[in-house]
Amino acid sequence: MTENKRYIEFPIEKLIKPQQDDREYKLITLENELDVLLINDKDTDIASASLSVNVGYLNDPEDLPGLAHFCEHLLFMGTEKYPKENEYSEYLSSHGGGSNAYTSAELTNYYFYVDSNHLEGALDRFSQFFISPLFDDSCTERELNAINSENDKNLQVDEWRQEQLKKLLYREGHPIKKFGTGNLETLKTIPESKGINTREELLKFYNKYYSSNIMKLVVYGKEPLDILCEMAVRMFYNVKNIHAVPTKFPPDTILREGLNKVLFYKPVKDMRNIDLLFPFKDDVEHYLTKPGHYLSHLIGHESEGSIFYHLKEKGWAQALYAGSMRECRGIAFFSITIELTEQGYEHYKDVITVIFQYFEMLKQQGSQKWIFDECKTLDDISFQFKEKSKPVRTANVLSKDMLLYPKEHIIAGPSLYFEYKKELIEEFTNNLNADNFVLIVSSKNGNEDIKFDELEWKKERYYGSDYSIRDIDNEFLKKLKNIELNPDLHLPTVNPFVPKDFSVEKILKEDPYPKLITDNSNLRIWFKRDDTFFVPKLNVFFEIRSPIAKCSPLNYMYTAMYLQLVKEALNKESYYAEIADTKFNIKVSNEGNININVQGYSDVIGNLLSIITNYLLDFKFKTEEFDNVKDKFIRTLKNFSMENPYKQALHYAHYISSESIFSVDEKLEALKQLTYENLKSFIPLLLNQIYIEGLIHGNCNKETAEKLGNIFIEKIKPLPYPESLIKSSLRSLYLKKGFHGIYKTKALNPNNVNSSIQYSLQIGDIDDQDLRVKSYIVRQLMNEPCFDKLRTKEQLGYIVFSGLFTRPRIIELYIIVQSEYGPDYLEYKVEEFLNEFKETIKTIDDEEFRKNKESVITKLLEKPKNLASQTATFLKGVEAKNYDFDRDKRDSEYVKKITKKEIIEFYEKYVDVKSPERKKLSIHISSKGKDNDLVKEKQNEINSILNNNIIIEDVYSFRRNQNFGPSPVSYKPIDEYKY
Ligand SMILES: [Zn+2]
């Protein structure tokens, strides 16, 4: 270490990075042992930083579950240098940025992103959290509440409940049994009763673990490396090094006597899943070989010969997921989850038998070098052509991976296979045996074998989940231990979708937006050859319109069923493409169109598209397959009622506002009437007369694009589409001036403690640039204060956000809150905020206003970071049918002209509570609610607001009696888009 440099530099040529990656890296270790990765991306418009600390909730003291998480929350509340509590978030917000953090088992991660011109200011504020946080006592109470409502929102979510239930199977006293989120009881009530001061414990915790030697920092910016380096050294050399030692947790998560147990769980949603968990070694410790990856590749395979294919043929499974799940350093589980059909649930033991038969086949065949090599080839390809992701994602992932991998492999470690080790893979395979697993069965009801009323049910402590644990029966275990081979199970074949041609022609910059290469009575194809990213990839999107798909909920559901059956039938072939990074999706859109989307390597996409076409035109399905898909659809739609209330609010708002969609209830009703015979006669009609609009973007020339674009029409040979229907009709609700309405309904899950409100203001036609741009500015100005008031100060609940909905020809400003308080009170609080905010806008100074406008411009001009996100921006114009591809660019110019006075006028007309012109619709989803003094005190004010509103009870008749606005129009005459 040289005196003047104050850091040691890692020889950067050793750092393995993708060939596609043009960024520069520098990796240094400061005097305080803090490792810092600096990334220079000279063209980036967004900068970012992320810091990971090697401490997580496994380090929580036994009597304070959630302390690490609480520390993560309170850390942000001001520092000695910047004492103002929301200084950091305000700074980021006014410079096009944002931030977040999370606490996991063994690490806590903090990150932000910001306009790349303002990295220095943001980084300085960020660094202070690790040097002199105030942990302001005045925020303690409030942040405890914030954690409590964060936990509340998880209470009725099966994934969270199952995570905690698994811990019941681990041995007493093992840290991974801990409850990481925390709540008021664990962080306040219980500690208080024991005389423990949570904040003091928090300070002890911080001082014990927040040490520079177990932190990893990533800084991502456009500045040259030496400038980034100077900033990082200057701002972080002061982070204290107390030489903390990362905790090593013992690997014995389940003792012998704890294995071979089965846990039954009654889920919130209607599901029938089994989970097999095998205590496993940590794949990361063996990342050079990745035996866990190798096994999940085979066990999770879906082609002929695989577990899933076999179970599907039997009519037993709807989905299978397999992989090694890492809890923390040295501790992992190999987990297999199967979504069962009704029949499959009755045969759950046969399903498990098939899994063990497959293990037996793997063991007898031994580990296969050719499979390892194929995985290695595929991962090499995807690594070499890996494109940039958003800077914040890059920073965040790398700061975590810096804790896990040696320096040269920080980037490549998680992705690449390095060396084949036969014995190691076989050792891992042998861990998959009948002596080494536990089983979780999640279902609302029992079956022939599992009699629910004979089980002894208990309630899990933190989530209140109903569960029961017993031994797996001996007979069955004996059978699994003496398993015989099943002739239907075998290894996959050589993957036909491994791309071989990676050539990319580096063409000069062309016209920046898609052009029309085909436009006739059945087909309109947009095409843009990539002239920016130069990767051997291609993205293809088709929207197929058939008039009969959208004319009734019944036809809509027939279409959805048909597409799902096609997708499942295709799977045995398309799965090979999927693991080779060429993915497709096929589904019915909300509006009743058939959307087909293929993304991947240009070399193999044509092949996959023709397979899809063949299946779409000619495939046979069995009655059981029909029954299973129908059952799956019914459960999915019913499960909607168990979603968090704010999602219900979003659904109703979307339904009321869009003319051409059906509600969940309408779909569910229709679904019950579907029959196998009728579906068979429906299919030929569906594709009889269609219109296809497509977008092809990436590595291909016009001739190839024309061929790909034609692929469906050529085979389907539909009748010409009626000209009157070609212009798509997408219409949105247009409220009358002065309309104030509330749709009130109950939360569908009676156990949810939360209510919710979606408060929306219709501004006007989105094609009106003036209204549009002013809405952008108001959203920008409002975002941070709204969060600060409704969440931080009022503590209404964890879910608080505001923003804009852009529907066809309408723009809407919204605020969403999910809370234990009832929606009437939330309506009152939202309007109180809108009143206060009116004053805020008036007093905002010119400098602040200018910064916020700049923030809007930054967001409008943010460049797509990879081919897929570029495709997504083009697709927005195609799907919205305005083909206005350079709208954001024009808008960014227009922002500059808008004055503060104009924004005040805009606000007073469209947003202000007292405006006679504004148009408001809110959705209230109410649950049990919290009826405390706060609400009673304000009852008069609340009532006067309610009296000003029309209360909507029947959403169907309300919708029928409203006006819907105009349909989208093309920004330029369509002929002007011709190639
Ligand atoms: Zn949190």
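A nonpolar core is a set of buried Ala, Val, Leu, Ile, Met, Phe, Trp, Tyr and Cys residues whose side-chain atoms link them within 4.5 Å. With that in hand, let us walk through this predicted model, beginning with its cores.

The largest nonpolar core holds 72 residues, and within this core Tyr562 and Leu679 touch the most other members. Helix H17, covering residues 553-579, is the top contributor to this core, giving twelve residues. Domain 2 (256-390 + 407-481) and domain 3 (515-726) each supply at least three residues to the core. To see what surrounds Tyr562, set aside residues up to four places away in sequence: Tyr562 then touches Leu616, Phe619, Leu679, Ile683, Leu686 and Leu687. Another core, of 58 residues, lies apart from the largest one, and its members include Leu74, Ala122, Phe129 and Ala244.

Now turn to the strands at the start of the numbering. Strand S2 spans residues 24-30 and is mostly covered, with six of its seven residues buried. S2 pairs with strand S1 (residues 7-9), the two running antiparallel and joined by three bridges. If you would like a landmark for this pairing, take Glu9, whose bridge partner in S2 is Ile28.

S2 also pairs with strand S3 (residues 35-40), again in the antiparallel sense, over six bridges. Here a handy landmark is Glu24, which has Asn40 in S3 as its bridge partner. Between the strands of the S2 and S3 hairpin sit four residues, and in this hairpin Glu33 takes a positive phi near 70 degrees. As you look along these strands, keep in mind that side chains in a regular strand alternate between the two faces of the sheet.

Conventions:
Residues are numbered from 1 along each chain as its sequence is written. This is a predicted model: local features need pLDDT of at least 70, side-chain atom pairs count only at pLDDT 80 or more; totals for chains, interfaces and linings use all residues. Side-chain values use heavy atoms; hydrogens and water are left out. Buried means under 20% relative accessible area, exposed over 50%, partly exposed in between (1.4 Å probe, protein chains only). Two strands pair if DSSP finds at least two bridges between them. Domain bounds come from an automatic or database domain assignment. Contact means heavy atoms within 4.5 Å.
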